[in-house]
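Open the structure in your viewer and switch to a cartoon view. We will go from stop to stop, selecting as we go.

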Amino acid sequence: MTRILRIINSADPREGGPIEGARRLGEIWARQGHRQDMLTLDPPDELHLPDYPGQIVPLGPPRGRGLRQRYRYAPAMVPWLRRHAGDYDAVIVSGLWRYAARGAAKALAGSPVPYFVFPHGMLDPWFRQTMPLKHLGKQVSWWWAEGPLLAGAKAVLFTSEEERRRAENAFRPWRVNAAVAPYGTSDIDPGLSGDPAGDGAGAALGDAGAQIEAFRRLLPALGQRPFLLFLGRIHPKKGCDLLLQAFATIAQDDRGTDLVIAGPDQVGLVATLRELASRRGVADRVHFPGMLSGAAKAGALRGASAFVLPSHQENFGIAVAEALAAGTPVLVSDQVAIWREILADGAGMVAPATAADTAAMLARFGALPVRQRALMGRRARHCFTTRFRIDEAADHLLRLVEQHRA
């Protein structure tokens, strides 16, 4: 049995892709007889993922606001990690620029326990371009925290070749043993066919109809209208404003389609988006159901005409992989790091991350004949089955870890 400790800022599912990926990897490894525990900086009274098959140790400060909450200084972290790191064969650190990374750098320095780091897109040049002053502060932090942490790692794991390429030399000095670790998500329905060009004969849709109905019941204002779907954290980085502007641009020519923007609103952006929708005259056609889970989430992914993510920066995009698994075409910006794979497989469309280019992409998709959209959906499913299954990612990462067992 291989014992792994994952250090991650939070086990709250609302935090998005990193915890979703860590959770699924832990579940797969548990079925194989291995174990992944998690050290988080959640407050001790916040218990997330009650069904997770490993121990979750929350050592963070009480819930607060502002910079303190984002950084999550936790004085108990380093002593706990120094006492318990030796109980594990390896440590995986998820994310940078929080106390989780600083504490890991301090506690694991000189330790015989091998460790690995997932930056999760946090070294992307988009942050340097859009927040230059903040980047200077990060450079200072790099000298005494993130830089030594990455330099001491057995490998710094990028979830795509595109992410690795973009991150190179993001900070100085750049002492990084980079490796690409395939990433993915769980299959929405293992019975679905992966045939990219066939007629879909024999495809087992499972409870797809019931899931779609569960989603539509949750959103009665949508009725039975076709819809485009954004699903993820509602955050400026994700290009939600670009998507809404693009939708408003094409809405007059495509009066039969609505837009659903689903996900947790951690920065209070929904109010701004609602105001924008009202000003553009599409308020009755844009829906905000909040965070979706279970059958409703699966139904949204399966029922959408297309999944849209015009993100300014995305190192992988768990929700993109989930949409591919559902056999739903994906329309993404060229800042989503897996855009080349999507384009190569004919699984969707790609455009620059601007409102005008996103609108043009939506218009091109809307003009496709029904048969061509269906073919794109089958290719989306094939793209998932051949590239983004979490099971293969789990096996690859476990092999990498076991090569460096203490």
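Start with the sheet. This is a predicted model, and 7 strands form an open sheet in it. Read across in the order β3-β2-β1-β4-β5-β6-β7. The pairing is parallel. Now colour the two edges: β3 (56-58) and β7 (178-180). Each of these edge strands pairs on one side only. Look along the sheet for its twist, which averages 25° from one strand to the next.

Next, select residues 3-8 and 90-94, which are strands β1 and β4. The two run parallel, and 5 bridges join them. Show Leu-5 as sticks, then find Val-91 opposite it in β4.

Stay in β4 and select Ser-94. Is Ser-94 buried or exposed? Its relative accessible area is 7%, under the 20% cut-off, so Ser-94 counts as buried. Now show the side chain of Arg-6. The side chains of Ser-94 and Arg-6 make a polar contact at 2.8 Å. Expand the selection to what Ser-94 touches: Arg-6, Ile-7, Ile-8, Phe-118 and His-120, leaving aside residues up to four places away in sequence.

Last stop: a pair of helices. Select α9 (residues 240-251) and α10 (residues 270-279). Their axes lie 10 Å apart, and the helices pack at an angle of about 15°. The cut-off for roughly parallel is under 35 degrees, so α9 is roughly parallel to α10. The contact involves Cys-240, Asp-241, Leu-244 and Gln-245 on the α9 side. On the α10 side, pick Leu-273, Leu-276 and Ala-277. Finally, check the handedness: α9 passes α10 in a right-handed crossing.

Conventions
Residues are numbered from 1 along each chain as its sequence is written. This is a predicted model: local features need pLDDT of at least 70, side-chain atom pairs count only at pLDDT 80 or more; totals for chains, interfaces and linings use all residues. Side-chain values use heavy atoms; hydrogens and water are left out. Two strands pair if DSSP finds at least two bridges between them. Helices (H or I, at least four residues) and strands (E, at least two) are DSSP runs, numbered from the N terminus. Axes are lines fitted to C-alpha atoms, for helices over the stretch in contact, and angles run from 0 to 180 degrees between N-to-C directions. Buried means under 20% relative accessible area, exposed over 50%, partly exposed in between (1.4 Å probe, protein chains only). A polar contact is a pair of N or O atoms within 3.5 Å; within protein, one must be able to donate a hydrogen and the other to accept it, and residues adjacent in sequence count only if both atoms are side-chain atoms. Contact means heavy atoms within 4.5 Å. Angles under 35 degrees count as roughly parallel, over 145 as roughly antiparallel, 65 to 115 as roughly perpendicular and the rest as oblique. A crossing is left-handed if the near helix is turned anticlockwise from the far one by less than a right angle, and right-handed if clockwise.
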